[in-house]
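This report describes the fold of one protein, moving from the central sheet to individual residues and then to the molecule as a whole.

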Amino acid sequence: MHKLFFKKKFDQYFLRDQNIAKKIVNHLSFENYNTIVEVGPGLGILTKYLLKNPYNHIFLIEIDEELICFLKNNFPISKNQIIHRDFLKWNPEEISLQNFAVIGNFPYKISSQILFHILRYNQYIPECVGMFQKEVAKRITSHKGKKTYGILSVLVQTFYDVEYLFTVKEKVFFPIPNVQSAVIYLKRKNEPINCNKNMLFQCVKTAFNQRRKKLKNSLQFFKHIPNFYKIPFLNKRAEELSVKEFLQLTKEIEIRK
């Protein structure tokens, strides 16, 4: 059956292991919400377990029209709960969603973009459980001083507490990928960041785009602001700053603008 649906252009790898599927779903806490958005449900291996809780309100976002027909025919879900859309172009405000979890076996090629899209609407998303390429999962959960520490690490950890749950072997997918996968869990932090979100993104991305340079050189985009060289941390490199220090750096830039 998997062979009939596999489309390389969508970077599809179908999870086949029911125990792993159940384990992924069980990591959702369902705390203070009952709406779940599943990204790329595919053949519905996670969907099946999400539907076991009758109190859940579930939306499936799928780009593959053939898989949408399969989901409609095989799961008791109404048509308006299946959204034929690219998740990266989907806005939850279109259907007035304001408090929901995100779950999915995310396509490797766009998994980082999926995370950035989640961050864009983080005020609506209290938690997320997702399958990523192991290398990406390591980057998301990394800390300062490590080679894997970068843009994803800082921005995701600014808004969410992150936990690396477990590694998934290649053999449980069809087709079999040439990399291992990993499942991570995100739980939204309660404290506000107290700085401009867009400014933070710009600061972090600019700093890591030249990660080997000291910040006084990599952040030249901001050098026109008053007293730029008095900003703390400028003699450090991006990989040497913690998440809290990046927030402080952004606030300092914002104050001077």
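Two strands are taken to pair if DSSP finds at least two bridges between them. In this predicted model, strand 5 and strand 6 meet that condition, pairing in the parallel sense over four bridges. Within this pairing, Gly104 has Gly130 in strand 6 as its bridge partner. On strand 2 (residues 35-39), strand 5 (residues 101-105) has a further parallel partner, joined over three bridges. There Val37 stands opposite Val102 of strand 5.

**The sheet**

These strands belong to an open sheet of seven strands with mixed pairing, in the order 4-3-2-5-6-9-7. Its edges are formed by strand 4 (82-84) and strand 7 (160-168), each of which pairs on one side only. On average, and with direction ignored, neighbouring strands of the sheet are turned by 20° against each other.

How enclosed is strand 5? Five of its five residues are buried, so strand 5 is largely enclosed by the rest of the structure. Ala101, Ile103 and Asn105 point one way from the strand, whereas Val102 and Gly104 point the other way; all are buried.

**Helices on the sheet**

Strand 5, helix 5 and strand 6 together make a right-handed β-α-β unit. Helix 5 (residues 111-120) packs on the sheet and touches strand 2, strand 5, strand 6 (127-133), strand 7 and strand 9 (181-188). The direction of helix 5 makes about 165° with that of strand 6. Helix 5 is mostly covered, with seven of its 10 residues buried. The buried residues are Ser111, Ser112, Ile114, Leu115, His117, Ile118 and Leu119. In an α-helix there are 3.6 residues a turn, so residues three or four places apart point the same way.

A further helix, helix 7 (residues 151-159), lies across strand 7 and strand 9. The two helix directions relative to the sheet are set out below.

| Helix | Strand | Angle |
|---|---|---|
| Helix 5 (residues 111-120) | Strand 6 (127-133) | about 165° |
| Helix 7 (residues 151-159) | Strand 7 | about 120° |

**Two individual residues**

Thr47 lies in helix 3 (residues 47-50). Is Thr47 buried or exposed? The relative accessibility of Thr47 is 0%, and because the limit for burial is under 20%, Thr47 counts as buried. Apart from neighbours within four places in sequence, the contacts of Thr47 are Glu38, Pro41, Leu60, Phe75 and Ile77.

Gly145 is placed in the loop between helix 6 (134-140) and helix 7. With a relative accessible area of 66%, Gly145 is exposed. Between Gly145 and Ile118 there are 26 Å in space, C-alpha to C-alpha, and the two are 27 residues apart in sequence. Ile118 is one of the buried residues of helix 5.

**The molecule as a whole**

The secondary structure comes to 10 helices and nine strands. Of the 257 residues, 51% count as buried. Among contacts with a separation of 6 or more, 66% are accounted for by residues 24 or more positions apart.

The radius of gyration is 20 Å, which agrees with the value near 18 Å for a compact globule of 257 residues. Along the principal axes, the C-alpha trace spans about 65 × 40 × 30 Å. The accessible surface of the protein comes to about 13000 Å², and 48% of this surface belongs to carbon and sulfur atoms.

Note on methods:
Residues are numbered from 1 along each chain as its sequence is written. This is a predicted model: local features need pLDDT of at least 70, side-chain atom pairs count only at pLDDT 80 or more; totals for chains, interfaces and linings use all residues. Side-chain values use heavy atoms; hydrogens and water are left out. Helices (H or I, at least four residues) and strands (E, at least two) are DSSP runs, numbered from the N terminus. Axes are lines fitted to C-alpha atoms, for helices over the stretch in contact, and angles run from 0 to 180 degrees between N-to-C directions. Contact means heavy atoms within 4.5 Å. Buried means under 20% relative accessible area, exposed over 50%, partly exposed in between (1.4 Å probe, protein chains only). The radius of gyration is taken over C-alpha atoms; the globule rule is 2.2 Å times the number of residues to the power 0.38. Accessible areas come from the Shrake-Rupley method with a 1.4 Å probe; for residues, only the protein chains shown count as cover. A crossover is right-handed if, with the strands pointing away from the viewer, the path from the first strand over the helix to the second runs clockwise.
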